[in-house]
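Please open the model in your viewer and keep the selection panel at hand, because the tour moves from one selection to the next.

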Amino acid sequence: RAVSSMFGDRHVYSGGISAASSLSLLNSSTTTCAFSSATSPPSGDNTALVTESGNVTPSIAEKVGHRLHCRRGHPLGAIKQTIESYFDGFESFDDLPAVVTTSQCFDELLVPKDHVSRNRSDTYYVDEGSKLLRAHMTAHQTTLLRNGHSKFLFSGDVFRRDEIDSSHYPVFHQMDGVRVWEASQVPG
């Protein structure tokens, strides 16, 4: 997927790739992703993600934070490093929070209020509907742009309520890239 749009006097190109895997993710940062050789899951307690008003299951909650894309020697880490090597000068973010707001995941990206991706049958909500496990990495794009970043890659695990089969798993990995140009830099 690739999106190109105008924001005032800036032209934004956003593109992304995803890797579905029964394992996990793809991205690293030269500043935030310290590659490790750890093979055990994170020691953090993700039980707070499982609430009465939400629909995150304990098995999904335990998958949050594994950061396979930051593990030296893991296939996702190797893919991430290879992709980043083609984007010289881009900042890289791989430690963005998995829990985002509905505004970040849908509203700021102009997803219609009645779009199927907002349904509880498709998205893991942490509460009654204002916080959720990100369904795509693009949920962080507007925040990064507002914070002044203009040339960046960002990756992480994403969560969708898919039935497990040969091509679907509810946790997979995405890497997005964004580049902003001043209007004067865009030909034509």
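Which residues of helix α2 (residues 75-85) are buried? Select the helix in this predicted model, and then pick out Leu76, Gly77, Lys80, Ile83 and Glu84, which are its buried residues. Looking down the axis of α2, you will find these buried residues within an arc of 130 degrees, so they line one face of the helix. Turn to the face directed away from that buried side, where the exposed residues Pro75 and Ser85 are carried.

Keep glutamate 84 selected and add serine 92, since the side chains of these two residues are joined by a polar contact of 2.4 Å. Serine 92 belongs to strand β3 (residues 91-93), and with a relative accessible area of 8% it is buried.

Next come the salt bridges, of which the structure holds 6. Select arginine 134 and aspartate 157, whose side chains meet in one of them at 3.2 Å, N to O. This pair links distant parts of the chain, 23 residues apart, with arginine 134 in the loop between β5 (131-133) and α4 (141-146) and aspartate 157 in strand β6 (residues 151-159). Arginine 134 is buried at 2% relative accessibility, and aspartate 157 is also buried, at 6%.

Now select Asp107, Lys113 and Arg118, which a network of salt bridges links together. Within this network, the side chains of aspartate 107 and lysine 113 meet at 3.2 Å, N to O; aspartate 107 is partly exposed at 29% relative accessibility, whereas lysine 113 is exposed, with a relative accessible area of 64%.

Methods:
Residues are numbered from 1 along each chain as its sequence is written. This is a predicted model: local features need pLDDT of at least 70, side-chain atom pairs count only at pLDDT 80 or more; totals for chains, interfaces and linings use all residues. Side-chain values use heavy atoms; hydrogens and water are left out. Buried means under 20% relative accessible area, exposed over 50%, partly exposed in between (1.4 Å probe, protein chains only). Helices (H or I, at least four residues) and strands (E, at least two) are DSSP runs, numbered from the N terminus. The arc is that of the directions from the helix axis to the C-beta atoms. A polar contact is a pair of N or O atoms within 3.5 Å; within protein, one must be able to donate a hydrogen and the other to accept it, and residues adjacent in sequence count only if both atoms are side-chain atoms. A salt bridge is a side-chain nitrogen of Lys or Arg within 4 Å of a carboxyl oxygen of Asp or Glu.
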